[in-house]
Amino acid sequence: MIRTPRTPIVMAFLFAVVAVPAALAAAADDGPEEAPALVVMADFNRDGIPDMAKVAPPTGDTSRPRNLIVLLGQRDGSFKSTDTDPVLGHDPQAIVVGDFNGDGNPDVIVGDGDGSLMEFLGDGKGNLFPATDIAHMASVVSIAVGDFNHDGILDLAVSDSKSNTVTILFGDGKGSFRFAWSFRLPMQGKTFRLAAADFNGDGLPDLVVTSDDDSFEVMLGNGNGTFTSSPTLSRLKDPNAHCVT
């Protein structure tokens, strides 16, 4: 059977993830002292208008688990909430969107600080329904989405600060994922975030691993789910250069 490439769909979802305006984050009702909003954009009800899925704290008791809320975009620029608000973990750290089960509807994956990766499948009507925990790491800090093994199916890269690794999970196109490969993060004890893009123009998705000290490492994709570090494209600080004076 010939598999039809899904590159346009993949890129459309990836653009939706990164193109979240600051105004929309402000509209998510986060207070000035709260962490940045976890928000993704996609057309969840397939009406041609961008919608928003966001992680929201529970009403009242802040010790309760968070919720995943879908806000449907209206033609006047406003957003309307849906009736479903699936329950998440207590410490959501990352959210990504993509068609992970191949039905043409955008789905969402949320990573929690306890290491769980929770998948929520879209029905094309604006609702997201919990599917299963697709994997469990020691922790989840950041998630990147891309077709890392060049088979037309979305895969995941997950940054795990507790194990100091990035884990690559291959998607099967039906909503499930399996472990494929992992590599060490640049430095133990630091928080690293991920982004996927083709940095060297070879048509394969690469990864950049970034930290809050302005250092970053570019990992070039080999097209089979593995990556090779590129020192010439990276800027890493020497951990031995931090001397106490």
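**Entry 1: the S5 to S8 sheet**

I began with strands S5 and S6 (residues 107-112) of this predicted model, and I found them paired in the antiparallel sense over six bridges. Looking for a single residue contact within that pairing, I noted that Val 97 has Val 108 in S6 as its bridge partner.

I then asked which strands make up the sheet and in what order they lie. The sheet is open and holds four strands in the order S5-S6-S7-S8, with antiparallel pairing. Its edges are strand S5 (92-98) and S8, each of which pairs on one side only. For the angle between neighbouring strands of this sheet I recorded an average of 20°, with direction ignored. As a reminder to myself, strands of a sheet pair through backbone hydrogen bonds, either parallel or antiparallel.

**Entry 2: the hairpin of S7 and S8**

Next I looked up how many bridges join strand S7 (residues 116-122) to strand S8 (residues 128-136). There are six, and the two strands run antiparallel. Leu 117 stands opposite Ala 135 in S8. Between the strands of this hairpin lie five residues, and in the hairpin I noted that Gly 124 takes a positive phi near 80°.

**Entry 3: aromatic pairs**

I turned to the rings, and a search of the whole structure gave four aromatic pairs. One of them is formed by Phe 148 and Phe 227, which meet edge-to-face at 5.4 Å centre to centre with 75° between the planes; the angle is over 60 degrees, the cut-off for that class. This pair links distant parts of the chain, since Phe 148 sits in the loop between strand S9 (142-146) and strand S10 (155-160), whereas Phe 227 belongs to strand S16 (residues 227-229), 79 residues apart.

Another pair is that of Phe 183 and Phe 227, which is tilted, with 6.4 Å centre to centre and 50° between the planes. Phe 183 lies in strand S12 (residues 177-184) and Phe 227 in strand S16, so this pair ties together parts that are 44 residues apart in sequence.

**Entry 4: burial and the ring cluster**

Are these phenylalanines, Phe 148 and Phe 227, buried or exposed? Both are buried, and for Phe 227 I noted a relative accessible area of 5%. Phe 183 counts as buried because its relative accessibility is 9%, and the cut-off for that term is under 20%.

Finally, I asked which residues the ring pairs link into a cluster. The cluster consists of Phe 148, Trp 181, Phe 183 and Phe 227, and Phe 227 takes part both in the edge-to-face pair with Phe 148 and in the tilted pair with Phe 183.

Technical notes. Residues numbered from 1 in each chain as written. Predicted model: local features only at pLDDT ≥ 70, side-chain atom pairs only at ≥ 80, totals over all residues. Heavy atoms only, no water. Phe/Tyr/Trp six-rings, centres within 6.5 Å; stacked < 30°, edge-to-face > 60°. Buried < 20%, exposed > 50% of the residue type's maximum accessible area, 1.4 Å probe, protein only. Pairing = 2+ DSSP bridges. Axes fitted to C-alpha atoms, helices over the stretch in contact; angles between N-to-C directions.
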